[in-house]
Amino acid sequence: MAKRALSQYRAKRDFTQTTEPRDAAGVVVSPRARFVVQKHAASRLHYDFRLELDGVFKSWAVTRGPSLDPHDKRLAVEVEDHPLAYGDFEGTIPRGQYGGGTVMLWDRGYWVPEDGRAPQDALRAGDLKFTLAGEKLTGSWVLVRMKHDRAGGKRNNWLLIKHRDVAAVDGNGVAILEQDRSVASGRSMEQIAAGKGRGPTPFMRGGRGRESAGAV
Ligand code: MN
């Protein structure tokens with residue numbers, strides 16, 4: 001399933017040019033589903049929000065980044081599934097390549113669906129409620145598919161919204177975006193772009209996930 005799911009991902013990229021991962025090589029199995037958020041300074045800055053499901057990362061490009069304010073509804077454009085190894089990718093995609101620009105591992109951790117429904121069904125229905133346990137993002141969230149796309153348009157526009165809970169922040173929900181260091185390397189975008197400093201500590205390929213490796 002993962003192989004077919006990744007055909008779009010592969011078709012968009014030239015792996016002789018980009019150092020992005022081609023597949024899930026080296027990824028350890030985790031009994032807890034992982035998530036990552038990558039800050040991506042492409043032609044337009046956005047935050048890529050990725051949830052591990054069925055051996056791939058379901059992915060959305062959040063144009064303005066996540067907000068902790070439940071009043072903020074963030075456009076999240078569904079994009080192609082990404083390989084799980086992408087959750088360890090931090091670096092610069094060469095200019096001229098798909099998504100050319102610098103990528104920072106902005107947050108990572110684990111997620112669980114909330115309402116007892118299979119997440120596959122919730123996604124199909126366009127309403128996925130979930131809890132995040134990340135370094136920056138925690139608590140309850142929802143991804144809801146927008147119903148009023150242009151006629152004939154692809155239904156790939158969703159909204160990412162923080163639910164009201166102890167992790168919610170009224171009024172200045174975007175202050176979290178000022179925490180602008182890599183969760184995996186401590187680096188700034190500038191340091192990553194310059195290829196300076198230490199590389200990211202692994203998450204998908206071991207590190208904190210390692211304790212659970214083998215528990216297939
Ligand atoms: Mn992106």
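Partly exposed, as used here, covers relative accessible areas between the buried range, under 20%, and the exposed range, over 50%. By that yardstick D127 is partly exposed, because its relative accessibility comes to 23%. The model is a predicted one, and its chain has a mean pLDDT of 91, with 91% of the residues at 70 or more. One stretch falls short of that: over residues 209-216 the pLDDT is below 50, and beyond near neighbours in sequence these residues have 10 contacts in the model. Where pLDDT is low, the predicted coordinates should not be read in detail.

D127 is a handy place to start on the charged pairs. Its salt-bridge partner is K129, with 3.0 Å between the closest N and O atoms. K129 also counts as partly exposed, since its relative accessible area is 26%. Elsewhere, R13, E20 and E80 are tied into one network by salt bridges that share partners. In total, the structure holds 11 salt bridges. As a general point, side chains of opposite charge can pair when their charged atoms come close.

Two further pairs show how the settings of these bridges vary. R187 and E90 meet through their side chains, N to O, at 2.9 Å. This pair links distant parts of the chain, 97 residues apart: R187 sits in the loop between β9 (157-162) and α4 (189-193), while E90 sits in the loop between β4 (73-83) and β5 (91-93). R187 is buried, because its relative accessibility is 7% and the limit is under 20%. E90 is buried on the same grounds, at 9%. The salt bridge between D121 and R124, at 2.7 Å from N to O, is a local affair. Both residues belong to helix α3 (residues 119-125), where they lie 3 residues apart, about one turn of the helix. D121 is partly exposed at 36% relative accessible area, and R124 is exposed at 59%.

Next comes the metal. A manganese ion has three named protein donors, H40 (ND1), H46 (NE2) and D48 (OD), and these lie 2.1 to 2.3 Å from the ion. Along the chain the donors follow the spacing H-x5-H-x1-D. H46 and D48 are both buried.

The donor numbering leads straight to a pair of strands. Strand β1 covers residues 34-41, and 7 of its 8 residues are buried. Strand β2 (residues 45-53) pairs with β1 in the antiparallel sense over 7 bridges. Together β1 and β2 make a hairpin, with 3 residues between them. Within this pairing, V36 stands opposite R50 of β2. β1 also has a partner in strand β6 (residues 101-113): the two run antiparallel and are joined by 8 bridges. In that case V37 has D107 of β6 as its bridge partner. In a regular strand the side chains alternate between the two faces of the sheet.

β2 turns up again in the nonpolar interior. The largest nonpolar core has 27 residues, of which F49, L51, F130, L132 and L143 touch the most other members. The largest share of this core, 4 residues, comes from β2. A second, separate core has 8 residues, among them V36, Y110, F203 and M204. In soluble globular proteins, nonpolar side chains tend to be buried together.

L143 gives a good view of the surroundings of the larger core. Leaving aside neighbours within four places in sequence, L143 is in contact with F49, L51, W60, A76, G126, D127, L128, F130, W158, L159 and L160. That list brings back D127, the partner of K129 in a salt bridge, and it also takes in W158.

W158 belongs to strand β9. The residue is buried, because its relative accessible area is 1% and buried means under 20%. Not counting residues up to four places away in sequence, W158 touches W60, R74, L75, A76, E78, L123, G126, D127, L143, V144, R145 and M146. W158 and K73 are 85 residues apart along the chain, yet 9.4 Å separates their C-alpha atoms. D127 thus appears among the contacts of W158 as well as among those of L143.

Definitions and conventions
Residues are numbered from 1 along each chain as its sequence is written. This is a predicted model: local features need pLDDT of at least 70, side-chain atom pairs count only at pLDDT 80 or more; totals for chains, interfaces and linings use all residues. Side-chain values use heavy atoms; hydrogens and water are left out. A salt bridge is a side-chain nitrogen of Lys or Arg within 4 Å of a carboxyl oxygen of Asp or Glu. Buried means under 20% relative accessible area, exposed over 50%, partly exposed in between (1.4 Å probe, protein chains only). Donors are N, O and S atoms within 2.8 Å of the metal (3.2 Å for Na, K and Ca); water is not among the atoms, so sites may look incomplete. Two strands pair if DSSP finds at least two bridges between them. pLDDT is the predictor's confidence in each residue, from 0 to 100. Contact means heavy atoms within 4.5 Å. A nonpolar core is a set of buried Ala, Val, Leu, Ile, Met, Phe, Trp, Tyr and Cys residues joined through side-chain atoms within 4.5 Å.
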